[in-house]
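This report describes selected elements of a structural model. A helix is treated before a sheet.

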Amino acid sequence: MHGKPTTSPPSASGSHSRRPGQIPTWMAFWFGGRSGLRAVAALCLPVVASALLLAARGPATVDPEVQQDIEDILGQTGWRSSTWGVLAVSLDYGDTLVAVNAEEPLIPASNVKLLTTAAALHYLGPEFRYRTYLLAEGAQVGGVLRGDLTFYGTGDPALSWRFAESRTAVVEALADSVLAAGIRRIDGDVVGDASYFQPPGQHPSWDPRDLDDWFAAPAAALSFNENVVTLRVVPGEAGARPTVHTLPAGAEVPIRIEASTVAGRASRPVIMSRTDGAGPIVISGEIRSGARDRWDLLSVADPALFAAGALRQALIERGIMVSGRARAVVDPAESILTGGTSWPDSAGRAPRPLAAHYSPPLIDLLAVTNKTSHNLYAELILRTLGRHVVGDGSFEGGAEAVERFMIEQAGVEPGSVELVDGSGLSRDNRVSASAFVRALSHMAASDLWEPLWETLPQAGGRELRRMNRSPAEDNLRAKTGTLTSVSALSGQLRTVEGERVLFSILQNGVPSPRSAKYIEDRLSVRLATFRRSGSGGAVELRGTRPGDSDDP
């Protein structure tokens with residue numbers, strides 16, 4: 001099969017020409033239609049998976065030419081302090097095309113998300129939905145709720161603009177439910193309950209310089225607006241403090257304004273920051289009177305308080321009086337729901353459900369996780385796995401769940417995967433190229449392969465934005481990964497003959513992530529040009545240069 005590789009997801013019953021290991025569609029007639037065909041496939045897939053796993057353990061058949069070409073590309077970099085792990089395995093033939101240091105665990109960066117999302121599909125399923133609850137504590141007398149209103153989260157990352165009409169659409173809908181219940185006054189607090197997961201929300205091994213940034217927002221069971229707040233600093237009259245506005249408006253975020261407005265040129269720029277991601281946001285520096293507003297996006301230190309404050313604001317905007325304040329609960333012992341085993345509890349409290357919000361299906365959340373490399377989504381999914389699989393909604397519990405998936409399902413050796421988070425922000429994660437290919441092999445042999453495959457960004461166009469006008473364009477789908485001195489790319493591509501290849505490229509100690517991605521592109525294109533009938537030819541990346549990459 002020659003010509004441009006297809007963009008359709010790989011499946012045994014697809015429109016592609018049949019390849020080794022595929023069941024011909026005419027067999028459906030003899031085995032009772034499509035359901036019978038699926039039954040036959042279920043018997044054959046484990047055999048395919050076993051062959052792939054054996055191939056991943058070592059190069060059963062390494063193509064000398066493509067192996068040499070890959071080694072030459074790596075050698076031409078001149079990066080003496082760099083370490084590579086590369087493995088490429090044919091999904092159709094079960095042999096190994098390329099293997100370079102494939103068994104050594106390396107820092108994988110955001111390639112960890114590939115394992116987190118695969119484990120989530122396995123344990124939770126693509127149709128899993130998060131539920132967020134609104135609970136009334138205390139009696140309702142007429143239009144008065146004599147007690148607290150609890151906003152209870154179970155880890156939904158999508159309580160934000162990404163799946164709604166606005167930043168505040170979800171809390172506005174919940175406030176409407178309170179109004180519909182006939183409540184016009186709340187004699188109590190609005191409580192953001194995040195006790196379903198265990199703190200901390202940011203891993204101790206994350207770079208402390210990143211903790212204010214949106215991409216390192218803390219993960220909490222109750223997460224609103226992706227746990228980030230937009231700040232707008234407006235200059236005042238000379239000598240006065242500037243005014244600070246938040247989006248969403250009225251956010252429960254501690255802010256200390258130390259900045260000043262000056263008549264002339266500002267000697268120090270306006271800086272918005274916290275100390276190690278904790279405490280109030282400090283606005284410092286100078287801003288000239290009449291100058292343009294300054295904007296910044298920061299993570300919030302207390303996601304549950306942030307969410308409770310947004311709900312309280314929405315209630316007030318609807319004319320519902322709230323006598324209490326917004327506050328947060330993280331300790332299960334203080335929770336009306338997490339810590340209770342029967343109701344009313346020893347304090348006489350009994351939660352009464354007023355409303356529930358359901359997330360989009362998990363598969364939609366995984367697409368955000370992998371296509372945009374969204375760290376918060378990955379960390380909340382990790383904690384969900386910990387809670388569901390091992391009963392521990394923490395970093396440790398989630399990492400144990402993913403490692404269990406890798407060992408028990410993907411068949412990796414214990415110790416070849418060492419995880420501490422679900423996003424790859426930590427430099428303490430270690431995974432080998434072989435382990436990534438094993439995970440892909442396992443998923444490819446299951447009915448969850450197509451859903452996972454579709455969550456991965458595609459080369460060319462708006463998703464991966466790399467390898468344009470090359471044989472990998474509209475063909476390769478893979479998860480990216482980037483940290484300082486680290487780059488990674490793992491996924492699937494088709495050769496010019498239509499052969500499906502699973503691959504993983506890990507690079508540690510690289511001088512520049514952009515240059516490293518150029519190397520990944522060259523390696524990927526060389527694999528895409530592979531022919532069993534002859535040489536793949538020279539590697540060409542038309543229109544793709546090291547500086548073109550804009551990898552997440």
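The buried residues of helix α8 (residues 375-390) are covered by elements that include α4 (112-124), α7 (362-371) and α9 (395-408); contact means heavy atoms within 4.5 Å. The model is predicted, so that local features need pLDDT of at least 70 and side-chain atom pairs pLDDT 80 or more, while totals for chains, interfaces and linings use all residues. Residues are numbered from 1 along each chain as its sequence is written, and side-chain values use heavy atoms, without hydrogens and water.

Of the 16 residues of α8, 12 are buried, so the helix is largely enclosed by the rest of the structure. Buried means under 20% relative accessible area, with a 1.4 Å probe and protein chains only. Among the buried residues are N375, Y377, E379 and R383. The end C-alpha atoms of α8 are 22 Å apart, in agreement with the 22 Å expected at 1.5 Å a residue, a span taken as 1.5 Å times one less than the number of residues. Just after α8, G391 has a positive phi of about 75 degrees.

An open sheet of five strands follows the order β2-β1-β24-β23-β22 with antiparallel pairing. Strands pair if DSSP finds at least two bridges between them; helices (H or I, at least four residues) and strands (E, at least two) are DSSP runs numbered from the N terminus. The edge strands each have a single partner, so one side of each lacks a neighbour in the sheet.

| Edge strand | Residues |
|---|---|
| β2 | residues 96-100 |
| β22 | residues 477-483 |

Nine bridges join the antiparallel strands β23 (residues 486-494) and β24 (residues 500-508).

Notes. Buried < 20%, exposed > 50% of the residue type's maximum accessible area, 1.4 Å probe, protein only.
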